[in-house]
Amino acid sequence: MFNDQISFAIMLTVSLAFAAWYGRRHGKQYALGAGMAVSMLAGTWFEIEVFNTPINVTMATAIVLLIVYCTHSWREIFKAINLLDVLITALFLWHIVVDVYYDGNPLAIAAQAYGQWMLPYAAGRYAFVHAGSLEKLSPVFVTVAAIISVAAIFESVSGINLWELLLTEMDDKVSHPRRRRYDWLYRAAGPVRHPIFLGIVLMTMLPFAVDLVSRQRDSSKKRILVSTGLAAVILGVGATLSRGPILCLPVSALFAVAWYDRIARWSIIILAMIGSLIAIVYADSFLSYLDSSESNRGESHIVEIDDRNSPQIYTSSRNRIFVVKIYGPLVVKGGPVGYGSKRSTGFPPRNLPGLPADPTVRERLGVVDNSYINIGLRFGWIGLVTFVCTLLFTISFALRFALVASTYLYPCDWQCMIAYAGVFFALLFEIGTVFWSYDYAFWIMLQIGAISGSASQVAQARTKGWI
């Protein structure tokens, strides 16, 4: 068992060493992506502090490899700028404007904003901006995701987290459920701090697995191998026993089917509308069903939110409803600039006006399980609109490139791009039920960067007249 600093040093060394080896063997332009993939194996709690700022292995790997990348591929940095570049830059700059407005200290805030938005985005963009990036990097990402998934399955069965067993214990920044769920299996968290986070991280790896499967048309042995990788990632999501990420799997699949077939598309839309209507009409019964397993274990409570409502039942699922009721109006009151990061961060948020007066209720409703509300509280409606547009245009870009992938992103085909679109469509709903944590947000931003890098590939190929 090691401490955080030694675990950090071990995994950073492994990530950088693999990046150097992979870049030497396959091309220096692929070292960045390979190193980022291996850094996923490091626990997100393997951190050091630099100027009172926690830096984990994935961040450190991105910083080092981006510096190296800029020394050998600096000409690629500003090629084929696209709308996603503009949106992420706008989000980065607005973060700085809002937090400097409230708290001053522009240099520290600029560094924090860069780490939260630009760093993971740039890592993804420049990892996938070169021709053949998906072909070279998909196997690495899928291999790492499969390893994590196998470890997650082991954790779900045994309750033993291998990262804690072999390296260092998880910190207490996030409450990690340790008991069996449904009296059946444990909820696996793997190298992140919560099972939901792990489910989202593995979801973001599915496009790589789909890419590998779609490219293996000739060799049956290779097809079996890569299909096993896809199955492992799906089972890894299942090992979290988190309802949101598990439901994201069929949502992503149905999105792909809807894109492919017009009759299926309208059938799915109609069924989705009917299902949503039923869930709204029978909302209480629906929530009671979701909470049945938790309620039987004493997880339900009665809360009274000042004089606004009569006493209500509070459970883990109903918390999402309370979050919208309590914090939604605060987002509106926050106006275009919100309340800044300091005032809206914490469990409960440190200094927001209009929160319930009862400290017990404040503590109970302290976890703001809604990424949109997190962003709205921090950066106002301007930041929220920019964030939502970034996600929507990521889906739009992926759908558009599906039509030309086989030409400009060969050997990647349309299946990979549709997988990207389907995963991000599902994540639109999932992140509305979980707070915006860097444990998984890094990989969402990296994949947005990957789509942007693919857009740059397509733009440059068209400019040069490649066929």
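User: Where is Gly 115 placed in this predicted model, and why is Gly 115 called buried or exposed?

Analyst: In this predicted model, Gly 115 has its place in helix α5. Its relative accessibility is 10%, and since buried means under 20% relative accessible area, Gly 115 counts as buried. Gly 115 also lies 9.9 Å from Tyr 438, C-alpha to C-alpha, although the two are 323 residues apart in sequence.

User: What does α5 give to the lining of the second largest pocket, and which residues are closest to the centre of that pocket?

Analyst: The second largest pocket has a volume of about 1,800 Å³, and of the 45 residues that line it, Pro 54, Gln 112, Gln 116, Thr 345 and Arg 378 are the closest to its centre. Helix α5 gives the most to this lining, with nine residues, while the elements that each supply at least two residues include β1 (47-50), β2 (53-56), α16 (371-402) and α19 (438-464). By class, the lining comprises 21 nonpolar, 15 polar and nine charged residues.

User: What makes the contact between Asp 171 and Arg 193 a salt bridge?

Analyst: A salt bridge requires a side-chain nitrogen of Lys or Arg within 4 Å of a carboxyl oxygen of Asp or Glu; the side chains of Asp 171 and Arg 193 meet at 2.9 Å, N to O, so the pair satisfies the definition. This pair links distant parts of the chain, with Asp 171 in the loop between α7 (162-166) and β3 (180-181) and Arg 193 in the loop between β4 (185-186) and α8 (195-215), 22 residues apart.

User: Which other salt bridge does Arg 193 form with Asp 439 in helix α19, and how do you know whether these two residues are buried or exposed?

Analyst: The side chains of Arg 193 and Asp 439 meet in a salt bridge at 2.8 Å, N to O, and this pair too links distant parts of the chain, from the loop between β4 and α8 to helix α19, 246 residues apart. Arg 193 has a relative accessible area of 6% and is therefore buried, and Asp 439, at 5% relative accessibility, likewise counts as buried. Both residues belong to a network of salt bridges that links Glu 47, Asp 171, Lys 173, Arg 193 and Asp 439. The structure holds six salt bridges.

User: Why are Arg 215 and Asp 211 separated by about one helical turn, and how far apart are their closest N and O atoms?

Analyst: The two residues are four residues apart in helix α8, which means that about one helical turn separates them. Their closest N and O atoms are 2.9 Å apart, and Arg 215 forms a salt bridge with Asp 211. Arg 215 is buried, with a relative accessible area of 18%, and Asp 211 counts as buried at 0% relative accessibility.

User: Why is Tyr 282 called buried or exposed, and to what patch does Tyr 282 belong?

Analyst: Exposed means over 50% relative accessible area, and because Tyr 282 has 52% relative accessibility, this residue counts as exposed. Tyr 282 lies in the loop between α11 (262-281) and α12 (283-295), and it is part of a nonpolar surface patch whose members include Trp 266, Met 273 and Val 281, with about 1,100 Å² of accessible area together.

User: How many cavities of 30 Å³ or more are found, and what lines the largest cavity?

Analyst: A search of the whole structure finds three such cavities. The largest cavity has a volume of about 70 Å³, and among the residues that line it are Ser 39, Thr 58, Ile 148 and Trp 443. Its lining divides into eight nonpolar, three polar and no charged residues.

Key: Residues numbered from 1 in each chain as written. Predicted model: local features only at pLDDT ≥ 70, side-chain atom pairs only at ≥ 80, totals over all residues. Heavy atoms only, no water. Patch = residues over 30% accessible without salt bridge, like charges linked within 9 Å, V, L, I, M, F, W, Y side chains within 5 Å. Areas by Shrake-Rupley, 256 points an atom, 1.4 Å probe, with all protein chains shown as cover. Buried < 20%, exposed > 50% of the residue type's maximum accessible area, 1.4 Å probe, protein only. 1 Å grid on protein atoms, 1.4 Å probe; cavity = no way out; pocket = protein on both sides within 12 Å on 5 of 7 lines; lining within 4 Å. Points joined across faces, edges and corners; volume = space filled by probe spheres on them. Nonpolar A, V, L, I, M, F, W, Y, C, P; charged D, E, K, R; others polar.
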